[in-house]
Amino acid sequence: MGELVEIVDSLENKVSKLLHKLEVLQQMNFKLEKELSSIKKEQQTVQTTIVDWEEKYNSLKLANSMLGSNKDKTEAKLKINTLIRELDLCIAHLAE
């Protein structure tokens with residue numbers, strides 16, 4: 001009978017330790033999910049900033065090409081032609 005009590009006590013102790021570990025792991029998981037969410041938001045902000053800077057860079061590059069060499073002028077003309085074609089497509093879609 002004494003052995004049975006020891007086995008039950010041992011099992012209770014082990015179950016108690018497992019439940020404690022489960023609680024600790026759940027708290028850690030919650031903390032990590034929160035941190036992941038925060039990092040994803042930060043990454044999205046950085047990505048948006050990168051896109052904004054790329055647009056500014058391209059605009060500056062186009063402006064500088066209008067002032068630069070013949071090669072740059074050709075690139076600027078091609079870009080302007082592309083923009084005009086895009087505008088024509090938009091106008092055509094609006095006219096439909």
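**Exercise 1.** In which helix is Ser-37 found, and is this residue buried, partly exposed or exposed?

*Solution.* In this predicted model, Ser-37 is found in helix H1. The next step is its accessibility: the relative accessible area of Ser-37 is 35%, and since partly exposed covers the range between under 20% for buried and over 50% for exposed, Ser-37 is partly exposed. As a final step, consider its distance to Gln-26, which is 11 residues apart from Ser-37 along the chain, the C-alpha atoms of the two being separated by 16 Å.

**Exercise 2.** Locate Leu-25 and Asp-9, and state which surface patch each belongs to.

*Solution.* Begin with Leu-25, whose place is in helix H1, residues 2-67. Its relative accessible area is 53%, so Leu-25 is exposed, and together with Val-24, Met-28 and Leu-32 it forms a nonpolar patch on the surface with about 360 Å² of accessible area. Asp-9 also has its place in helix H1; with a relative accessible area of 43%, Asp-9 is partly exposed, and it gathers with Glu-3, Glu-6 and Glu-12 in a patch of negative charge on the surface.

**Exercise 3.** Describe the overall form of the chain, starting from its secondary structure.

*Solution.* The chain contains two helices and zero strands. Its radius of gyration is 32 Å, well over the 12 Å that the globule rule gives for 96 residues, so the chain is more spread out than a compact globule. The C-alpha trace spans about 100 × 40 × 15 Å along its principal axes, and buried residues make up 2% of the 96 residues. Lastly, the accessible surface comes to about 9,100 Å², with 62% of it belonging to carbon and sulfur atoms.

Methods:
Residues are numbered from 1 along each chain as its sequence is written. This is a predicted model: local features need pLDDT of at least 70, side-chain atom pairs count only at pLDDT 80 or more; totals for chains, interfaces and linings use all residues. Side-chain values use heavy atoms; hydrogens and water are left out. Patches are made of residues with over 30% relative accessible area and no salt bridge: like charges are joined within 9 Å, nonpolar side chains (Val, Leu, Ile, Met, Phe, Trp, Tyr) within 5 Å. Accessible areas come from the Shrake-Rupley method with a 1.4 Å probe; for residues, only the protein chains shown count as cover. A salt bridge is a side-chain nitrogen of Lys or Arg within 4 Å of a carboxyl oxygen of Asp or Glu. Helices (H or I, at least four residues) and strands (E, at least two) are DSSP runs, numbered from the N terminus. Buried means under 20% relative accessible area, exposed over 50%, partly exposed in between (1.4 Å probe, protein chains only). Lys and Arg count as positive and Asp and Glu as negative; His and the chain ends are not counted. The place of a charge is taken as NZ of Lys, CZ of Arg, CG of Asp or CD of Glu. The radius of gyration is taken over C-alpha atoms; the globule rule is 2.2 Å times the number of residues to the power 0.38.
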